[in-house]
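User: I am new to this structure and would like a close look at a single part, the open sheet. Please go through its strands and what packs on it, and then place it in the rest of the protein.

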Amino acid sequence: MSAARPRRVAVLVLEGAKPLDVGIPAQVFTTRASMPYEVRVCGAAPGLVTGGDGLAYHVADGLDALAWADLVFVPGYRSPDRDDPPRAVVEALVTAHDRGARLAAISTGAFALAATGLLDGRRATTHWHYTRALAARHPLVRVDGNVLFVDEGSVLTSAGAASGIDLCLHILRGDVGVAASNHAARRLVAAPYRSGGQAQYVPRSVPEPLGERFAATREWALHRLGEPLTLDTLARQAGVSPRTFSRRFVGETGCTPMQWVMRARIDLARELLELSQRSVEQIAADVGLGTGANLRLHFQRILGTTPSEYRRTFTRGE
């Protein structure tokens, strides 16, 4: 990865901003030696911004930070279905996007992005409590209330606060690679990766102990990716029938068990490509894909690139 200037991240605090939503991108992308980011927290104008839950924020920057940023986060805020953000905020978001900045919303911050018109015709999500309101207020937006986050390239949206962490880690993975993203996840004591297609919450029909058992099965599988992992193997580890395991696994994660295993293997391969000098053939064996040809096939299908190209892009110091 080339050592150009740090990527610039602006966190836009609107009136009624939710504390967790503000803190997530500020913490994940915090300015530090190990992270190639510089963060500024801003508002519609410098000074005091009244937040939600009895908190307020004193921000040093106004909308000029959006003209500076490569990535703009809009945290969730109170009563987004009542009024759009101030016109100056909407115009600054559009201008930043037109300049090439990515815009990312956490929770109800999606309403601010929708007010710009940039979500028209695109998929988006928000906190499950507000999905109907978003669809009613902005009917041209293709609202999906059954996912954790949606990446539409230059505009990204996420569900509730915890899924904001997932979105931030997703962005990190694309910007600086799996190893750095996993390091950030460990620092936050967060799950290293939850697919954007995962359901926002576990259906009530799934008993809690079974949900915990499935989480334990996934953890068990992550330590055995180099071994043969079949649906029968996973179901046996979870203590249920393959049919029950498959059906409830999809309900909990939004993907089939074997799709999840494949993605986990590709993620481990990415980390090994970034941090080791092992050959593609060796890495294929390490992650349970057998041959380099098989690894290349699935790498191209899932990521749209080759292992060698990925390694050149994300190897530290290159």
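Analyst: F149 stands opposite S158 in β10. That pair is a place to start, at one side of the sheet in this predicted model. The strand that pairs with β10 here is β9; the two run antiparallel and are joined by 3 bridges, with β10 covering residues 155-158.

The whole sheet is open and has 6 strands, in the order β2-β1-β5-β6-β10-β9, and its pairing is mixed. Its edge strands are β2, residues 37-42, and β9, residues 149-151, each of which pairs on one side only. From one strand to the next, the twist averages 15°.

In general, the strands of a sheet pair through backbone hydrogen bonds, and the pairing may be parallel or antiparallel. At the β2 edge, β1 and β2 run parallel and are joined by 6 bridges. Within this pair, R7 has Y37 of β2 as its bridge partner. β1 also pairs with β5, again in the parallel sense, over 3 bridges. Here V11 is matched with F73, its bridge partner in β5. The order of the sheet then goes on from β5 through β6 to β10 and ends at β9, where the β9 and β10 pair is antiparallel.

A helix also belongs in this picture. Helix α3, residues 87-99, packs on the sheet and touches four strands: β1 (7-12), β5 (71-74), β6 (102-105) and β10. The direction of α3 makes about 130° with that of β6.

Now the rest of the protein. Its secondary structure comes to 14 helices and 10 strands. Another piece of helix packing is that of α9, residues 231-238, with α10, residues 242-253: their axes are 9 Å apart and the angle is about 90°. Because an angle from 65 to 115 degrees counts as roughly perpendicular, α9 is roughly perpendicular to α10. On the α9 side the contact is made by L231, D232, L234, A235 and A238, and on the α10 side by P242, F245 and S246. By class, these are 6 nonpolar, 1 polar and 1 charged residues.

Some totals complete the view. The protein has 318 residues, and 49% of them are buried. Among contacts with a separation of 6 or more, 66% are between residues 24 or more positions apart. The accessible surface comes to about 14,700 Å², and carbon and sulfur atoms account for 52% of it.

Technical notes
Residues numbered from 1 in each chain as written. Predicted model: local features only at pLDDT ≥ 70, side-chain atom pairs only at ≥ 80, totals over all residues. Heavy atoms only, no water. Pairing = 2+ DSSP bridges. Axes fitted to C-alpha atoms, helices over the stretch in contact; angles between N-to-C directions. Contact = heavy atoms within 4.5 Å. Buried < 20%, exposed > 50% of the residue type's maximum accessible area, 1.4 Å probe, protein only. Areas by Shrake-Rupley, 256 points an atom, 1.4 Å probe, with all protein chains shown as cover. Parallel < 35°, antiparallel > 145°, perpendicular 65-115°, else oblique. Nonpolar A, V, L, I, M, F, W, Y, C, P; charged D, E, K, R; others polar.
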